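The exercises below ask you to read a protein model step by step. Try each task with the structure in view before you turn to its solution.

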Amino acid sequence: MGYAAQAMERTFAMIKPDGVKRGLTAELLTRIQRKGYRVVGLKQFVISRELAENHYGEHKERPFFGELVNFITSGPVVAIALEGENAISGWRGMMGATNPANAAPGTIRADYATSTGENVTHGSDSPESAERELGLFFKPEELL
Ligand code: RTP
Ligand code: MG
């Protein structure tokens with residue numbers, strides 16, 4: 001612990017349709033910026049089914065896949081590219097556990113999420129998924 005160098009990382013964050021619909025966008029961007037992460041890409045749009053199925057491709061065989069794709073395409077999302085020290089695990093930590101019932105107090109999902117399905121935010125879970133997801137959602141010229 002202490003002053004060891006930490007890795008500067010980029011990660012993909014998303015405010016899901018429930019978060020946008022409930023007017024949480026400004027609050028969530030405030031949390032991100034208070035933490036010190038830099039927003040290097042940002043856009044609001046409705047995800048196509050094709051993009052949703054690709055983004056969540058790892059869950060294709062899971063029973064909740066259809067519901068997940070329906071939900072994530074049900075309204076506008078805010079796609080965010082974040083940069084900061086250890087941003088990949090740091091943003092996951094700020095979000096909290098997938099099921100809000102298991103999310104630690106003070107995390108986004110503990111504070112705002114209503115169910116495992118509607119859990120307000122997404123975050124890449126590894127350097128590989130961060131790179132893959134940033135490439136799916138942003139053109140290189142859309143990132144600062
Ligand atoms: P995300 O990818 O959206 O950041 O969420 P996560 O890593 O915490 O969770 P993951 O296992 O990747 O699951 C992706 C999303 O699928 C929905 N889900 N539903 N009904 C279920 O058992 C179930 N399990 C997962 C959640 O919306 C989860 O965020
Ligand atoms: Mg995930």
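**Exercise 1. The annotated domain**

Which residues does UniProt list for "domain: Nucleoside diphosphate kinase-like"?

Solution. Keep in mind from the start that this is a predicted model. The unreviewed UniProt entry lists residues 8-144 for this domain. In the model, that span is 41% helix and 20% strand, and its end C-alpha atoms lie 15 Å apart.

**Exercise 2. The overall fold**

Describe the order of the elements, and then judge the overall dimensions of the protein.

Solution. Begin by counting the secondary structure, which comes to seven helices and four strands. Next, follow the chain from the N terminus, where the elements run β-α-α-β-α-α-β-α-α-β-α. Then turn to the dimensions: the C-alpha trace spans about 45 × 35 × 30 Å along its principal axes. A compact globule of 144 residues would have a radius of gyration near 15 Å, and because the protein has 15 Å, the two agree. Finally, consider the contacts between residues at least 6 apart in sequence, of which 72% join residues at least 24 apart.

**Exercise 3. The nonpolar core**

Work out which elements build the largest nonpolar core, and which residues touch the most other members.

Solution. As background, nonpolar side chains in soluble globular proteins tend to be buried together. In this protein, buried residues make up 33% of the 144 residues. The largest nonpolar core has 30 residues, and those touching the most other members are Phe-12, Met-14, Ile-15, Ile-80, Leu-82 and Trp-91. Two or more residues come from each of several elements, among them strand E1 (8-15), helix H2 (25-35), helix H5 (87-95) and helix H7 (127-137). Strand E3 gives the most, with six residues. As a last step, take Phe-12 as an example: leaving out residues up to four places away in sequence, Phe-12 touches Ala-81, Ser-124, Ala-130, Glu-133, Leu-134 and Phe-137.

**Exercise 4. Ligand 1 and His-122**

Characterise the shell around ligand 1, and decide whether His-122 is buried or exposed.

Solution. First sort the shell by class, which gives two nonpolar, seven polar and one charged residues. The residues around ligand 1 include His-59, Phe-64, Asn-119, His-122 and Asp-125. One of these, His-122, is listed by UniProt as "active site" in an unreviewed entry. His-122 lies in strand E4, residues 121-123. Now count neighbours: His-122 has 22 C-beta neighbours inside 10 Å and therefore counts as buried, since the cut-off is 20 or more. Beyond its neighbours within four places in sequence, His-122 is in contact with Ala-13, Met-14 and Lys-16.

**Exercise 5. Positive phi values**

Compare the settings of Asn-86 and Val-120, two residues other than glycine with positive phi.

Solution. Start with Asn-86, whose phi is near 50°, and which lies in the loop between E3 and H5. Asn-86 has 13 C-beta neighbours inside 10 Å, so it counts as partly exposed. Val-120 has a phi near 75° and is placed in the loop between H6 and E4. Because Val-120 has 23 C-beta neighbours inside 10 Å, it counts as buried.

**Exercise 6. A contact across the sequence**

How many residues apart along the chain are Phe-71 and Glu-118?

Solution. Phe-71 and Glu-118 are 47 residues apart along the chain, while their C-alpha atoms are separated by 7.9 Å. Phe-71 is found in helix H4, and its contacts beyond four places in sequence are Pro-17, Gly-117 and Glu-118.

Definitions and conventions: Residues numbered from 1 in each chain as written. Chains lettered and ligands numbered in written order. Predicted model: local features only at pLDDT ≥ 70, side-chain atom pairs only at ≥ 80, totals over all residues. Rg over C-alpha atoms; globule rule 2.2 N^0.38 Å. Buried ≥ 20, exposed ≤ 12 C-beta atoms within 10 Å, placed from the backbone. Contact = placed C-beta atoms within 7 Å. Core = buried A, V, L, I, M, F, W, Y, C linked by C-beta atoms within 7 Å. Near = placed C-beta within 6 Å. Nonpolar A, V, L, I, M, F, W, Y, C, P; charged D, E, K, R; others polar. UniProt positions renumbered as here; feature names shortened; annotations may be inferred.
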